[in-house]
Amino acid sequence: MLWRLMMLSWGLATLAAATQWRWLALASGLVLAAYLCLALPDISLTGRLLLALLVGLILLLLSQTGMAALEAGLRQAIVFAAFMPTARLMRAAARHDPAIIRIRRNFCRLPPQSRPGWMLYASHALSAMLSIGAFAVLAPLLPRQASPLRLRLAQMALLGGGLSVLWSPFFVAQAFVAHGYPALGIWQIVLAGLCIAAFGLFINTWLAGIHDVAGTLRAVIPALATLLLPIVSAVAVVLLLNRLGGYSNIEAMVLAIPPLALLAAWWRRPAHLRALFKQAPRWAAGMGEEIGVVALAILFSAILQYSTIGGLAGDWVRQIGLAPFTVLLIAFLVMVGLEMLGLHPILCATLALQITQTVAGQIPDLLPAMLILVAWSFGSIMSYSGLLPSIAAATFGVAKHQLIYGRNLIYVAVGVMLTCLLLVALAYAGRVS
């Protein structure tokens, strides 16, 4: 029953994204709400508390904004929720793909100490092109049984994907920052983010104890070359839908990936396609917590933009008259702190943007833009309601709290400390204040 409700909500959400019909988005939202209510007994206590908090905050905002904001937010939330089963479908289809089987065979031949580095670099490269869909491609490479190695590989894949948020145009973060700082060229954002991501990969390589970097890269490149044709084909279809159809990247992926995955399964072997449909109850089950948290977090973030509450933080900072350096530091730490509490990066970035806009014109726009992207990257790794941890947990079959509250927090702690030190150095150098 539950998986059928989820599949129905997914189908309605896909049609809503394709047609932009409001009643389809509403119908999908109602079916999704019914699915979440029935799935509550299977959701963890932490997930239920977070869902209750998000519902309460949404109702509080709606008392100020009215139902028009709910309708606009629902269309965004439904599309993001639709990507969860899309990623599961990709994982199920990729598991039997001959190219993935060959990569898995070569991956298993690597020494155990080289596999985390391979997963880090491959995840970063694939996520830059496939966004959150990269996890579904990598999931079949992990050991089938639960083990410390499986968990570590999943953590490294999440780290690699989180770092690609800094520069890949296929993530919402890039569109958000470009919209918030229109004077910046997209090339400036991508180039600066690419430099920070390279430094982040260096830090992760050092923290993970990866020594043979050259040898690991030599193993990664052939694997990426094997996947180049299907990846380029998928990216081309997504870009065509984005440019010619006017769909957002996430809408284009929801529309393009399922038919491409089914076509690839049929092309390789028709029996694989039949197996996908027979296994639907298995790969489509147990997503209540991930879908609910992501959908409600996106809905809350969208409604917040229609309210006056989001501007209160900026007004407060403006009245106090803090130095630009202090404002940037506050915005960065507030964003990271809220993400650690489980709030979605989009919501946290909305508040951080309101704060950094109070010092617009006093500092180069690239600095606050990069701070928001860095904090967003951290949130993509550790936010309980973030899309990347939710997709990674669903596709890798690992508990979300193990992905978030484990080794990855060491990287986040080091990154936050280095970012704060950089801001202090810039302030004393007279570049900010």
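I will start with one residue: H124 is buried, at a relative accessible area of 9%. Before going further, note that what we are looking at is a predicted model.

H124 sits in helix 6. What does its side chain reach? Two polar partners come up. The side chain of H124 reaches the backbone nitrogen of S164 at 3.4 Å. The side chains of H124 and W167 are joined by a polar contact of 3.2 Å. If we set aside the neighbours within four places in sequence, H124 is in contact with G160, G161, L163, S164, W167, A197 and L201. S164 and W167 are both on that contact list.

Now a second histidine, H179. Is H179 buried or exposed? Its relative accessibility is 70%, so H179 counts as exposed. H179 is found in helix 9. Please remember helix 9, as we will come back to that element. For a sense of distance, take H179 and N106, which are 73 residues apart along the chain. Their C-alpha atoms are separated by 43 Å.

Compare that with G397, in the loop between helix 21 and helix 22, the latter being residues 400–404. G397 and L142 are 255 residues apart along the chain, with their C-alpha atoms separated by 9.7 Å. G397 counts as exposed because its relative accessibility is 57%. Leaving aside neighbours within four places in sequence, G397 is in contact with R91, R150 and A392.

Next, the pockets. How much space lies in the largest pocket? About 1100 Å³. Its lining has 42 residues, and the closest to the pocket centre are Q76, V172, A175, F176 and S248. Which helix gives the most to this lining? Helix 9 does, with seven residues. Helix 9 covers 172–180, and H179 is found in that helix. Other helices that supply at least two residues each to this lining include helix 1 (2–19), helix 4 (67–95) and helix 19 (345–356). By class, the lining of the largest pocket divides into 23 nonpolar, 16 polar and three charged residues.

The second largest pocket has a volume of about 830 Å³. It is lined by 33 residues, and D97, P230, L260, A261 and A264 are the closest to its centre. Here helix 13 gives the most, with nine residues. Helix 4, helix 5 (98–109), helix 6 (115–130), helix 12, helix 13 and helix 14 (270–278) each supply at least two residues. Helix 6 is the one that holds H124. This lining divides into 26 nonpolar, four polar and three charged residues.

On to the cavities. Rolling a probe the size of a water molecule over the atoms shows where empty space is left. How many cavities of 30 Å³ or more does a search of the whole structure find? The search finds five.

The largest cavity holds about 210 Å³ of space. Of the 20 residues that line the largest cavity, F171, V172, W376, L387 and L388 lie nearest its centre. Helix 9, helix 13, helix 19, helix 20 (366–382) and helix 21 (387–396) each give two or more residues to this lining. V172 has now come up twice: it is among the residues closest to the centre of the largest pocket, and among those nearest the centre of the largest cavity. As for class, the lining of the largest cavity has 15 nonpolar and five polar residues, and no charged ones.

The second largest cavity holds about 70 Å³. What lines the second largest cavity? The residues are M6, S9, W10, A13, S28, L32, I78, A81, A82, P85 and I291. Helix 1, helix 2 (22–39) and helix 4 each supply at least two of the lining residues. Nine of the lining residues are nonpolar, two are polar, and none is charged.

Last, the cysteines. A disulfide is a covalent bond between the sulfur atoms of two cysteines. The count for this model is zero disulfides, with the cut-off for a sulfur pair at 2.5 Å. Take C420 as the case to look at. The nearest cysteine sulfur to C420 belongs to C348 and is 16 Å away, and C420 is in no disulfide. Is C420 buried or exposed? C420 counts as buried, because its relative accessibility is 17% and the limit for buried is under 20%.

That is the end of the tour.

Notes:
Residues numbered from 1 in each chain as written. Predicted model: local features only at pLDDT ≥ 70, side-chain atom pairs only at ≥ 80, totals over all residues. Heavy atoms only, no water. 1 Å grid on protein atoms, 1.4 Å probe; cavity = no way out; pocket = protein on both sides within 12 Å on 5 of 7 lines; lining within 4 Å. Points joined across faces, edges and corners; volume = space filled by probe spheres on them. Helix = DSSP H or I, 4+ residues; strand = E, 2+ residues; numbered from the N terminus. Nonpolar A, V, L, I, M, F, W, Y, C, P; charged D, E, K, R; others polar. Buried < 20%, exposed > 50% of the residue type's maximum accessible area, 1.4 Å probe, protein only. Polar contact = N/O pair within 3.5 Å; in protein donor to acceptor, adjacent residues only side chain to side chain. Contact = heavy atoms within 4.5 Å.
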